[in-house]
Amino acid sequence: MIQLNKADFEKMLAHATRELPDEACGLIAGEVQGTDKIVRKVYLLTNIDHSNEHFSLDPKEQLAAVKDMRANGLVPLGNWHSHPESPSRPSEEDKRLAYDSKASYMILSLMDRENPVLNSFHIEGTDAEKEDLQIKE
Amino acid sequence: MKITVAGVQKEVADGLTVAQLIVDENVETPQYVTVTINDEFVENGTFEQTVLKDGDNVEFLYFMGGGQ
C-alpha cells in the first residue's frame, strides 16, 4: 500500500494543470513502514523537456530535493508525472526508464480534465503492476 | 582522506576518481547517474579523470524521465 495525503494530491494536480499542455513531474518522499509507503512530501520539479509527450527532471532541482529529504529525515519513494492526453498507465518509455524496481511511479492522467486519475505503479522490466494507492483526507 | 557520499562520511584512498567511487559504491545503472561534487555537476565522460579531494561532498543523482 502507498498512502498519499489529499492535500499533496491536490498540490500535484494544481502543478500538473498549471503546466498544461506539457507533462509535469516531481518526486515523492516519506517513510517506509513494513511493506507500506507513506508519502510525507511531494516535490514539484521542472520538466526540462518542456514537452507534452516526455519528461526529464531538472537535475539541479532534483539535487535540492534530495538534500531536503535528507534534512527532513525522509527517504525517496519514487517519482510522479502527468499524462496530459493519455490514461494513467506507464507508457513503453516510462517502463524503459523505470530502472529502480524499489521505487513507486505515480502517473496522473488529465485526459479527462474534470476527472483526473492518479495511479501508482511498481515497474520491473516490462512489467508494471498497479499499487494499492490510498488518498487520505 | 575523508569525503561525504550521499550524506555519509567515508574514509577513502587518496587519488580516488569518480569512476572508481561509482564502482566502490555499487551504483546501479551507472549510465543513468549524474554526479555532483560540492554542488557542482561533473560532466559526463570525465568521471575517469575527476579526482576527489579531501572534504568533497558527493551526490549521485539518478536520471528520471519518461513519456506518455
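This section describes selected features of a predicted model, from an annotated span to single residues and a pocket.

The UniProt record, an unreviewed entry, places the feature "domain: MPN" at residues 2-137 of chain A. Helix makes up 24% of this span and strand 42%. The C-alpha atoms at the two ends of the span lie 14 Å apart.

Chain A begins with A:Met1, in the segment before strand 1 (2-5). A:Met1 is partly exposed, because its relative accessibility of 28% falls between the limits of 20% and 50%. In sequence, 35 residues separate A:Met1 from A:Asp36. In space, their C-alpha atoms are 5.0 Å apart. Leaving aside neighbours within four places in sequence, A:Met1 is in contact with A:Thr35, A:Asp36 and A:Lys37, and also with A:Asp132 and A:Gln134.

A cis peptide bond runs from A:Leu20 to A:Pro21. Its omega is near 10 degrees. A:Pro21 sits in the loop between helix 1 (6-19) and strand 2 (25-33) of chain A.

Three residues on strands of chain A were examined in turn: A:Asn79, A:Ile107 and A:Ser120. A:Asn79 lies in strand 5 (residues 75-83). A:Asn79 counts as buried, because its relative accessibility is 4% and the limit is under 20%. Its contacts, apart from neighbours within four places in sequence, include A:Gly26, A:Leu27 and A:Ile28. A:Ser104, A:Tyr105 and A:Met106 also touch A:Asn79. In chain B, B:Met64 is in contact with A:Asn79.

A:Asn79 and A:Ile107 are 28 residues apart in sequence. Their C-alpha atoms are 8.7 Å apart in space. A:Ile107 belongs to strand 6 (residues 104-109) of chain A. A:Ile107 is buried, with a relative accessible area of 1%. Beyond neighbours within four places in sequence, the contacts of A:Ile107 include A:His81 and A:His83. Among the others are A:Pro87, A:Ser88, A:Arg89, A:Pro90 and A:Asp94. A:Val117, A:Leu118, A:Asn119 and A:Phe121 are in contact with A:Ile107 as well. A:Glu31 is 76 residues from A:Ile107 in sequence. The C-alpha atoms of A:Glu31 and A:Ile107 lie 20 Å apart.

A:Ser120 is found in strand 7 (residues 117-124) of chain A. A:Ser120 is buried, with a relative accessible area of 0%. A polar contact of 2.6 Å joins its side chain to that of A:Glu131. Not counting residues up to four places away in sequence, A:Ser120 touches A:Ile2, A:Ser104, A:Tyr105 and A:Met106, among others. A:Glu129, A:Lys130, A:Glu131 and A:Leu133 are also touched by A:Ser120. A:Ser104, A:Tyr105 and A:Met106 thus appear in the contacts of A:Ser120 and in those of A:Asn79.

In chain B, two residues with positive phi were noted, B:Asn38 and B:Asp39. Neither is a glycine. Phi is about 50 degrees at B:Asn38 and near 70 degrees at B:Asp39. B:Asn38 lies in the loop between strand 3 and strand 4 (40-41) of chain B. B:Asp39 is placed in the loop between strand 3 and strand 4 as well. B:Asn38 counts as partly exposed, at 39% relative accessibility. B:Asp39 also counts as partly exposed, at 42%.

The second largest pocket holds about 150 Å³ of space. Its lining has 15 residues. The closest to the pocket centre are A:Pro59, B:Tyr32, B:Thr34, B:Tyr62 and B:Phe63. Three elements give two or more residues each to this lining. In chain A the element is helix 2 (59-71). In chain B the elements are strand 3 (33-37) and strand 5 (57-62). By class, ten of the lining residues are nonpolar and five are polar. No charged residue lines the second largest pocket.

Terms used:
Residues are numbered from 1 along each chain as its sequence is written. Chains are lettered from A and ligands numbered from 1 in the order in which they are written. This is a predicted model: local features need pLDDT of at least 70, side-chain atom pairs count only at pLDDT 80 or more; totals for chains, interfaces and linings use all residues. Side-chain values use heavy atoms; hydrogens and water are left out. On a 1 Å grid over the protein atoms alone, a cavity is a set of points where a 1.4 Å probe fits but cannot get out, and a pocket is an open set with protein on both sides within 12 Å along at least five of seven lines; lining residues have an atom within 4 Å of a point. Grid points are joined across faces, edges and corners, and a volume is the space filled by probe spheres set on the points. Helices (H or I, at least four residues) and strands (E, at least two) are DSSP runs, numbered from the N terminus. Ala, Val, Leu, Ile, Met, Phe, Trp, Tyr, Cys and Pro count as nonpolar, Asp, Glu, Lys and Arg as charged, and the others, Gly among them, as polar. UniProt positions are given in the numbering used here, feature names are shortened, and annotations may be inferred rather than shown by experiment. Buried means under 20% relative accessible area, exposed over 50%, partly exposed in between (1.4 Å probe, protein chains only). A polar contact is a pair of N or O atoms within 3.5 Å; within protein, one must be able to donate a hydrogen and the other to accept it, and residues adjacent in sequence count only if both atoms are side-chain atoms. Contact means heavy atoms within 4.5 Å.
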